[in-house]
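Please walk through this protein with me, taking its strands, its charged side chains and their surroundings in turn. What do the computed contacts tell us about how the parts of the chain are connected?

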Amino acid sequence: YLLAAVSDPAFSPSGEHIAYTVSRGDRKRDEATSDIWSVAWSGGKPAQLTRTPGASEWQPRFSADGRSLFFLSDEGKDEITQLRRVPARGGRTRRVTDIPGEILDFDLSPDGRRAIVVAEVGLNVGDKSDTPPPIETERFVFKRDGDGYLDDRTQQLFVVELDGGKATRLTTGERDHWHPVWSPDGEFIAYTAKDRGASDRDLNYEIFIVPAGGGEPRRISTFEGADNDPDWETRPSWSADSRRLVWVEGGEDKWFYYAPHQKWYRFRAFPSPEGL
């Protein structure tokens with residue numbers, strides 16, 4: 001209980017400050033909780049920006065102007081993870097989103113006006129009843145470590161207006177989505193996705209891009225295996241001109257997780273946005 005774990009470091013746009021997550025054990029609740037802290041790059045006394053003994057905050061990201069910090073938090077009566085913000089120098093936090101499904105990940109747009117978030121969608125999403133409804137499934141993958149039995153829910157992408165919190169769903173279908181990354185020009189979003197059905201029997205994750213304003217997603221990976229498997233905790237990365245994308249590629253499915261994925265990389269050049 002005396003140990004603190006530090007994670008999620010993020011530079012401010014000016015490079016003068018670093019925001020990060022500090023996790024500690026809570027003796028009374030017998031579980032770990034986390035808060036957002038900040039420290040000057042030049043050193044000095046760190047500042048604790050959030051104080052929620054019964055909840056957690058994590059994954060801090062500075063706004064484009066450096067005046068605010070956005071982060072994920074399960075604070076609130078419903079304990080459903082949402083996007084929140086706090087002044088970079090500290091102060092009262094404010095809830096940004098109100099999406100029924102828990103937000104699992106996010107990325108901020110280059111202009112600082114929007115965020116792309118991953119949130120759960122499904123028949124029983126948001127249900128916090130003491131007696132949950134029965135789960136009926138025909139999926140090959142019907143159970144997952146940390147989540148238990150799986151129902152019909154999927155992980156979809158939403159574009160959120162940071163002023164007002166309006167959320168617009170960007171993706172649909174029986175497909176899960178992970179690790180969205182906004183292109184530097186603000187035009188596109190890259191992400192990892194995987195279809196369900198027959199794809200439950202393989203590790204064929206794919207890389208897609210989709211216009212940030214909505215449109216048909218386009219698959220850009222061609223390898224019949226794991227492209228940017230979410231379990232690796234890596235994200236696709238855009239070049240500064242938004243014309244290239246790099247991601248980690250795994251080995252063939254027959255090698256399962258023993259493939260040397262860290263040695264495989266794929267670089268893919270894109271035509272100009274007019275050509276997409």
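**A loop residue, two sheets and the charged pairs**

Asp-229 is found in the loop that runs between strand S19 (225–227) and strand S20 (237–238). The model is a predicted one, and in it Asp-229 has a relative accessibility of 0%, so that this residue counts as buried, the limit being under 20%. A polar atom of the Asp-229 side chain lies 2.9 Å from the backbone nitrogen of Asp-231. As a reference for the dimensions of the model, Asp-229 and Lys-128 are separated by 101 residues in sequence and by 30 Å in space, taken from C-alpha to C-alpha.

From this loop we can turn to the sheets, beginning with the one at the start of the numbering. Four strands make up an open sheet with antiparallel pairing, and their order is S1-S2-S3-S4. Strand S1 (4–11) and strand S4 (47–48) are the edge strands, and because each has a single partner strand, one side of each is left without a neighbour in the sheet. Between S1 and strand S2 (residues 17–26) the antiparallel pairing extends over six bridges, and within S2 it is Thr-21 that serves as the bridge partner of Ser-7.

Another open sheet, again of four strands and with antiparallel pairing, follows the order S15-S16-S17-S18. Its edges are occupied by S15 and strand S18 (218–219), each of which has a single partner strand, so one side of each has no neighbour in the sheet. Inside this sheet, S16 and strand S17 (residues 206–211) run antiparallel and are joined by six bridges, and Phe-188 stands opposite Pro-211 in S17.

The charged side chains add a further layer of connections. Side chains of opposite charge can pair when their charged atoms come close. With a cut-off of 4 Å between a side-chain nitrogen of Lys or Arg and a carboxyl oxygen of Asp or Glu, the count comes to 13 salt bridges. One of them joins Glu-120 to Arg-153, with the closest N and O atoms 3.0 Å apart. This pair links distant parts of the chain, 33 residues apart, since Glu-120 belongs to strand S10 (residues 114–121) whereas Arg-153 sits in the loop between strand S12 (148–149) and strand S13 (154–161).

How does accessibility describe the partners of this pair, buried or partly exposed? Glu-120 has a relative accessible area of 18% and is therefore buried, while Arg-153, at 25% relative accessibility, counts as partly exposed. Arg-153 also forms a salt bridge with Asp-151, where the closest N and O atoms are 2.9 Å apart, and Asp-151 counts as buried because its relative accessibility is 13%.

A further salt bridge returns us to the sheet that contains S15 and S16. Asp-195 forms this salt bridge with Arg-175, the closest N and O atoms being 2.6 Å apart. Because Asp-195 lies in strand S16 (residues 188–195) and Arg-175 in strand S15 (residues 175–182), the pair ties together parts that are 20 residues apart in sequence. Asp-195 itself is partly exposed, with a relative accessible area of 35%. Elsewhere, salt bridges with shared partners join Asp-78, Arg-95 and Asp-98 into one network.

Definitions and conventions
Residues numbered from 1 in each chain as written. Predicted model: local features only at pLDDT ≥ 70, side-chain atom pairs only at ≥ 80, totals over all residues. Heavy atoms only, no water. Buried < 20%, exposed > 50% of the residue type's maximum accessible area, 1.4 Å probe, protein only. Pairing = 2+ DSSP bridges. Polar contact = N/O pair within 3.5 Å; in protein donor to acceptor, adjacent residues only side chain to side chain.
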